[in-house]
Amino acid sequence: MRIKVKNMVCERCKGVLKNEFRDMGIEVVQIDLGEVEFKDSAMGQIERIREILTKNGFELIEDVNQTYIVDIKKHLINALENRSDQNLSEYLAGKLNRDYSALSKMFSAKEGLTIEKYFILLKMEKVKEEIQMGTKTFSEIACDLNYKSSSHLAKQFKSVTGMSMSAYKKVQEWNRRPLDQIV
């Protein structure tokens, strides 16, 4: 039995659920971002599963469109982490075997912003993380995130956050948002 889970977007989320299900005696086959696969013996424990998810700030997804939203977010996070330089629309259409314009309309209607704007928000959180770690120059960060120039990244960062990357670095009051709290 495979279920989709809303707001499960990081390794910490996977670990929390793995431990919770284990502690409750619910056998898990595999946990991926936004998805949990259980042994067939878990079929009768769906209410218990739902309670564990809710208690930990997650949500069982039963709406087909919401399933696509979770998959889009999961693939965008993977694209960001794996530094994919493939065109975003082609990447998502290929991963989800759906027309990108349909995915885009569905995402915008459900989330209130475009896929592209959501991906930019993800990138800005990655930039904040890189600045906080302090191991890369702004140019290296821009290159890693497939920006044509560091000035393009700098303009976008300021537009989204309201401050320059240098100012963000100096302030050192890291106001990063967890990826599951973007939108």
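Begin by selecting strand S1 (residues 2–6) and strand S3 (residues 35–38) in this predicted model. The two strands pair in the antiparallel sense, over 3 bridges. Within this pair, display Arg-2, which stands opposite Glu-37 in S3.

Next, extend the selection to the whole sheet. It is open and consists of 4 strands in the order S2-S3-S1-S4, with antiparallel pairing. Strand S2 (28–32) and strand S4 (59–61) stand at the edges; each has a single partner strand, so one side of each is left without a neighbour in the sheet. From one strand to the next, the twist averages 30°.

Now add the helices that cross this sheet. Helix H1 (residues 11–23) lies across S1, S2 and S3 and runs at about 165° to S2. Helix H3, in turn, lies across S1, S3 and S4, and its direction is at about 75° to S1.

Keep H3 selected and add H5. The axes of these two helices are 10 Å apart, and the helices pack at an angle of about 100°. H3 is therefore roughly perpendicular to H5, since angles of 65 to 115 degrees fall in that class. To view the contact itself, show the side chains on both helices:

- From H3: Asn-65, Gln-66, Tyr-68, Ile-69, Ile-72 and Lys-73.
- From H5: Leu-103, Met-106, Phe-107, Lys-110 and Glu-111.

Sorted by class, the contact of H3 with H5 comprises 6 nonpolar, 2 polar and 3 charged residues.

The tour then turns to the interior. The largest nonpolar core has 32 residues, and those touching the most other members are Ile-72, Leu-76, Leu-92, Ile-115, Val-127 and Leu-153. The elements that each give two or more residues to this core are helix H3 (64–81), helix H4 (88–96), helix H5 (100–111), helix H6 (115–133), helix H7 (138–144), helix H8 (150–161) and helix H9 (165–171). H6 supplies the largest share of this core, with 8 residues.

Centre the view on Leu-76 and colour its contacts. Leaving aside residues up to four places away in sequence, Leu-76 touches Leu-88, Leu-92, Ile-115, Tyr-118, Phe-119 and Leu-122.

As a last stop, select Phe-38, Ala-42, Ile-52 and Leu-53. These residues are among the 17 that form a second, separate core.

Note on methods
Residues are numbered from 1 along each chain as its sequence is written. This is a predicted model: local features need pLDDT of at least 70, side-chain atom pairs count only at pLDDT 80 or more; totals for chains, interfaces and linings use all residues. Side-chain values use heavy atoms; hydrogens and water are left out. A nonpolar core is a set of buried Ala, Val, Leu, Ile, Met, Phe, Trp, Tyr and Cys residues joined through side-chain atoms within 4.5 Å. Buried means under 20% relative accessible area, exposed over 50%, partly exposed in between (1.4 Å probe, protein chains only). Contact means heavy atoms within 4.5 Å. Two strands pair if DSSP finds at least two bridges between them. Axes are lines fitted to C-alpha atoms, for helices over the stretch in contact, and angles run from 0 to 180 degrees between N-to-C directions. Angles under 35 degrees count as roughly parallel, over 145 as roughly antiparallel, 65 to 115 as roughly perpendicular and the rest as oblique. Ala, Val, Leu, Ile, Met, Phe, Trp, Tyr, Cys and Pro count as nonpolar, Asp, Glu, Lys and Arg as charged, and the others, Gly among them, as polar.
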